[in-house]
Amino acid sequence: MFARKPLPTKVVTATIFMRIEPIPHEPTRWVVYSESRPALAFIVDSDYYTARADGCRWACGCERFMARGIECKHIAAVKCLTAPVSQNGV
């Protein structure tokens, strides 16, 4: 038989541009506007009470989180925005 050539691999990187605004007088909540549908806005809460076994306290009002209960890109964007910055750059 003939040996198959390996398929070329492609590295894909994505940059997400979402508008994120803190909600006044609500230190644990942000309004995150949809990247694909800018007219839609979702509330992301970092101190949401859940009874989940893994201790997850993040919540979002988008379809992905509400239907499946898994972390969405809105939560990931706010986590990235609010992550503490290390002094030594690591």
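# A four-stranded sheet and its helices

Visitor: We've got a predicted model here, so let's start with the sheet. In what order do the four strands sit?

Guide: The four strands make an open sheet, with antiparallel pairing. At its edges are β1 (20-23) and β4 (59-60), each of which pairs on one side only. Reading across, the order is β1-β2-β3-β4.

Visitor: And how do the elements run from the N terminus on?

Guide: You're looking at two helices and four strands. From the N terminus, the run is β-β-β-β-α-α.

Visitor: Let's zoom in on the start of the sheet. Which residue in the turn between β1 and β2 has a positive phi?

Guide: β1 and β2 are antiparallel and joined by four bridges. One pairing to look for is E21 with V31 of β2. The two strands form a hairpin with two residues between them, and the turn residue with a positive phi, about 65°, is H25.

Visitor: Moving one strand over, how many bridges pair β2 with β3?

Guide: You can follow the register residue by residue. R29 stands opposite D45, V31 faces I43, and V32 has F42 as its bridge partner. Strand β2 covers residues 26-33 and β3 covers 41-45, and their antiparallel pairing runs over five bridges.

Visitor: D45 came up there. Which residue in β4 does D45 stand opposite?

Guide: D45 lies in β3, where it stands opposite R29 of β2. On the β4 side, β3 is joined by two bridges, again antiparallel. The residue opposite D45 in β4 is A59.

Visitor: Now the aromatics. What kind of pair do W30 and W58 form?

Guide: The structure holds one aromatic pair. W30 and W58 sit 6.3 Å apart, centre to centre, with 15° between the planes. Planes under 30 degrees apart count as stacked, so this pair is stacked.

Visitor: How many residues apart in sequence are the parts that this pair ties together?

Guide: W30 lies in strand β2, while W58 is in the loop between β3 and β4. The pair therefore ties together parts of the chain whose separation in sequence is 28 residues.

Visitor: Are those two tryptophans buried or exposed?

Guide: Here the cut-off matters: buried means under 20% relative accessible area. For the whole protein, buried residues make up 23% of the 90 residues. W30 and W58 are both buried.

Visitor: T82 touches both of them. Is T82 buried, partly exposed or exposed?

Guide: T82 is in helix α2 and touches W30 and W58, leaving aside residues up to four places away in sequence. Its relative accessibility is 37%. That value falls between the 20% and 50% limits, so T82 counts as partly exposed.

Visitor: Staying with α2, within what arc do its buried residues fall?

Guide: Helix α2 spans residues 73-82, and its buried residues are H74, I75, A77 and V78. Seen down the helix axis, these buried residues line one face, because they fall within an arc of 160°.

Visitor: Which elements are included in what covers those buried residues?

Guide: The cover takes in parts of both the sheet and the other helix. It includes β1, β2, β3, β4 and α1 (63-68).

Visitor: There's a charge over a ring as well. Which residue lies over the face of Y33?

Guide: Y33 falls within strand β2, residues 26-33. At 3.8 Å from the centre of the Y33 ring, the residue lying over its face is R19.

Visitor: Last residue on my list: is F17 buried or exposed?

Guide: F17 is in the segment before β1. It is 19 residues from S36 in sequence, and their C-alpha atoms are 9.6 Å apart in space. F17 has a relative accessible area of 65%; the cut-off is over 50%, so F17 is exposed.

Visitor: To wrap up with the surface, what share of it belongs to carbon and sulfur atoms?

Guide: The accessible surface of the protein comes to about 7600 Å². The share belonging to carbon and sulfur atoms is 59%.

Methods
Residues numbered from 1 in each chain as written. Predicted model: local features only at pLDDT ≥ 70, side-chain atom pairs only at ≥ 80, totals over all residues. Heavy atoms only, no water. Pairing = 2+ DSSP bridges. Phe/Tyr/Trp six-rings, centres within 6.5 Å; stacked < 30°, edge-to-face > 60°. Buried < 20%, exposed > 50% of the residue type's maximum accessible area, 1.4 Å probe, protein only. Lys NZ or Arg CZ within 6 Å of the ring centre and 35° of its normal. Arc of directions from axis to C-beta. Contact = heavy atoms within 4.5 Å. Areas by Shrake-Rupley, 256 points an atom, 1.4 Å probe, with all protein chains shown as cover.
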